[in-house]
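Biologist: Could you take a close look at one part of this model and walk me through it residue by residue? Start with the aromatic rings, then stay with the sheet.

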Amino acid sequence: MKARRARFSDARAIFKLIAGYAEQGLLLPRAEDEIQRNISHFLVHEDKKRVVGYVALESYGADLAEIRSLAVDPKLRGRRAGTKLLEFALAEARRRGIGRVFAVTHAPDFFIRQGFEPASRHALTEKIERDCRTCPKRRSCQLIAVVATIPERIALLILGDSASPISAA
C-alpha cells in the first residue's frame, strides 16, 4: 500500500468512499463534481492500484490547513492506512511551510494519538467562516476540534568551542 497525491481519475473512488461514510452521518456528503474541482486537495492511499483511503488537506492561508474527510475503506480499517494518510498529509503540510493543521472530527482520539491537541471549535474562526455557518448540522454539531503544530527544521548554529548549540525554529 502506498500514499500519493490524488489524480482526476481518483474522484469517483473518493466520492464512493465519502458517500458510504456520509450515509452513516460520519462525513458530510460531497458531490463528485466538487471532488473533481478540488482534486488537488486530496491525497489517496492505494492498494493494488485501487484507492482504499483518502484525506483532503485544505489550505486556510499560508500558515493554516485542515485535515478533511479522512476515511479508509471499512474492510481495511485497523491496518494503519488512516495513520499513513495522516502522516502523508502532515508531511505535505510541512513541505508547503504550513505551521498549524487542524481537524474537526468524530474521532478525536485517533488524532490525539498522532500528536494533535484538543481545541475549541470556536477558536477556529477560519473554519467557522468558511464552512460552519452554512452547515446543515451547525446547531447540533458534535464534532471535536484538534490542532497540531508542524515542527520546522531545527538548525544548529555553533558559534565557537565554548558556545552551546542554539535551536532556530
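Modeller: Rings of Phe, Tyr and Trp (the six-membered ring, for Trp) count as a pair if their centres lie within 6.5 Å; planes under 30 degrees apart are called stacked, those over 60 edge-to-face, and the rest tilted. This is a predicted model, where local features need a pLDDT of at least 70 and side-chain atom pairs count only at 80 or more, while totals for chains, interfaces and linings use all residues. Residues are numbered from 1 along each chain as its sequence is written, and side-chain values use heavy atoms, with hydrogens and water left out.

Rings first, then. Searching the whole structure turns up 4 aromatic pairs. Take F110 and F111: their ring centres sit 5.2 Å apart and the planes meet at 85 degrees, so this pair is edge-to-face. Add F116, and ring pairs link F110, F111 and F116 into a cluster. F110 has a relative accessibility of 17% and counts as buried (buried is under 20% relative accessible area, exposed is over 50%, and partly exposed lies in between, with a 1.4 Å probe and protein chains only). F111 is buried too, at 4%.

Now the sheet. Strands here are DSSP runs of E, at least two residues long, and helices are runs of H or I, at least four, both numbered from the N terminus. Two strands pair if DSSP finds at least two bridges between them. On that basis 7 strands make an open sheet with mixed pairing, and reading across you get the order 1-2-3-4-5-7-6. At the edges are strand 1 (2-5) and strand 6 (117-119); each has a single partner strand, so one side of each is left without a neighbour in the sheet. On average, neighbouring strands are turned by 30 degrees against each other, direction ignored. Axes are lines fitted to C-alpha atoms, for helices over the stretch in contact, and angles run from 0 to 180 degrees between N-to-C directions.

Let's walk inwards from strand 2. Strand 2 (residues 42-47) and strand 3 (residues 50-59) run antiparallel, joined by 6 bridges. Want two places to click on? H45 stands opposite G53 in strand 3, and E46 has V51 as its bridge partner there. The two strands form a hairpin with 2 residues between them. K48 is in that loop between strand 2 and strand 3, and its backbone is worth a look: phi is positive, about 55 degrees, although K48 is not a glycine. K48 is also exposed, with a relative accessible area of 79%.

Strand 3 itself is mostly covered, with 8 of its 10 residues buried. On to strand 4, which runs antiparallel to strand 3 and is joined to it by 6 bridges. Here L57 faces I67 in strand 4. These two strands make a hairpin as well, with 4 residues between them, and G61 in this hairpin takes a positive phi near 125 degrees.

From strand 4 to strand 5 the pairing is parallel, over 3 bridges. A good residue to follow across is A65, which lies in strand 4 and has V101 in strand 5 as its bridge partner. A65 is buried, with a relative accessible area of 0%. Turn the view and look for A93 as well: A65 and A93 are 28 residues apart in sequence, but their C-alpha atoms are 7.5 Å apart in space. Strand 5 has 5 of its 6 residues buried, so it is largely enclosed by the rest of the structure.

One last stop is the loop between strand 4 and helix 3, where you'll find R80. R80 is another residue with a positive phi that isn't a glycine, this time at about 70 degrees. At 48% relative accessibility, R80 counts as partly exposed.

If you'd like a route for your own viewer, start at K48 in the turn between strand 2 and strand 3, step over to L57 and I67 where strand 3 meets strand 4, and finish at A65 and V101, where strand 4 meets strand 5.
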